[in-house]
Amino acid sequence: KIQSSPVVRLHVKLQVGASLSPLPTASPPPLQSSPLPTLADLAIPCHAAGRPRAPFRRKVPTSPTASPESRRGLRLSDGRHGSSLPCCPGRPRYGLSILGFVRRRRRLCDRVRARRVRAGAEMKGVSAIPAVAIIPSPLFLWRVKVILFLLWGLCCCKIGWDSVMRMSVDLRDLFLYEAFLYYNPLLLVALMIWLWGVNLWVFAQSSVNYAKVFDLSQTHLSHREIWRCATWLTLVVPTSMTAYLYLYSHGEVSLAASQPVLLYAILLMILLSPFDMFYLSSRFFFLRTMWRIALPLQAITFPDFFMADIFTSMSKVFSDLERSGCRMVHRQVATIAWFEADSICGSHSVAIPLVLVLPYLCRFFQCLRQYKDTKEKTCLLNALKYSTAVPVIFLSALKYHVFPDVWISFYRPLWLISSVVNSLYSFYWDIKRDWDLSILTRIFMFKNPSAWSNLLYGRSWVYTKASMVLAGTPW
């Protein structure tokens, strides 16, 4: 029975095939007289013992004339045929994952290939370079990118400074103000995108499920993708501004005027593109949220409120965008016609205060919609806060439509009073309602030092709003 056992015959065949030296002439003792072998003596294969097969290394005694691979003791078992080498009992077994088996097999093959290449290079007298050393590390690539970014910034600053110095003194200030007006709002938008990426990174590090809080899809942009978009915008906008300054200073006025027009047109096309490119789902979510903010006829969600609150802080950016777009439409780029009193795109334009007040009006109607849904008086007080910004904006616009004496004697005191009321009310609301003034009072009065943790983790603005939204309670 022992002689006819396939396990014993396989064991004998493997022992004979593993040794490259001829077998001794003396015949081995008969198997009938030997006691029954144990499981460790027979080295039962993995499939016979109920364990998964996997590649492994096995040291095999070889002769001096054996190949380098056999002297190194490398053996590969594919785990698919019964003729593979048996697993040694006592060695660690790998898991049943097919992916792990493929990775270990590939790693073993790469080691064998690298040793062969190194052995061939040593025979030729050339030092072999490991394959891992050919691929640069991520830290090295990041340093190269930073160096290239700094070199690009220095080149833009040098070209822009030389171009400004070539202009005449009387037109230099006006031209710089115009160039600043075209590119300043885009640079502020790029800064906002950078900071939004920082927020997402902090949320991810703090294990905050911001995707559920902001009602984002599963394919939402991560903080790395947000930073990638901000990087491209940071590179494109100063490059266009440098080209604008260089072409205008060298007499190419028409080409200089085309630089901001092309920049705004390309960004608008990317934002409104219906094709599946440049993060279509994220762009669609942004446009849909802007539409919900402009027409707050449905129930207000957390993304609607959050983005509208951000837009109130960017009202000056929207005003500059309106001025830039107006000059591009009326072909006043790279000119000083906009500085005239009767210009349709100058400071006397009626569209400027309308664009400034639009975010506050949207937020005002959102508060009214929240009061209709929740019947909370806090929503009315919040709406009153945004309504105090309307007199400040329109009284500021009257400066360009009334006589200077009337402005100084009557409208300017009203403007100052409305500005003070709006500032104090907004400051009180942010401290008391959003940040909880009682917590800050206990902290600064040293009555409750442990209130720091309550402020940072329990009653902070974002965490409070997020927890209430997740819990389904009205806010």
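Which residues does Val-355 touch, not counting residues up to four places away in sequence? Val-355 touches Phe-318, Ser-319 and Glu-322, where contact means heavy atoms within 4.5 Å. This is a predicted model, in which local features need pLDDT of at least 70 and side-chain atom pairs count only at pLDDT 80 or more, while totals for chains, interfaces and linings use all residues. Residues are numbered from 1 along each chain as its sequence is written, and side-chain values use heavy atoms, with hydrogens and water left out.

**Around Val-355**

- Val-355 lies in helix H15, residues 351-374 (helices, H or I with at least four residues, are DSSP runs numbered from the N terminus).
- At 21% relative accessibility Val-355 counts as partly exposed, since buried means under 20% relative accessible area and exposed over 50%, with partly exposed in between (1.4 Å probe, protein chains only).
- The C-alpha atoms of Val-355 and Glu-322 are separated by 7.5 Å, although the two are 33 residues apart along the chain.

**Nonpolar cores**

- The largest nonpolar core (a set of buried Ala, Val, Leu, Ile, Met, Phe, Trp, Tyr and Cys residues joined through side-chain atoms within 4.5 Å) has 20 residues, and those with the most contacts inside it are Tyr-183, Val-237, Tyr-244, Leu-245 and Val-333.
- Two or more residues of this core come from each of helix H8 (169-205), helix H10 (223-249) and helix H11 (253-272), and H8 gives the most, with 6 residues.
- A second, separate core of 12 residues includes Phe-203, Val-208, Phe-214 and Phe-306.
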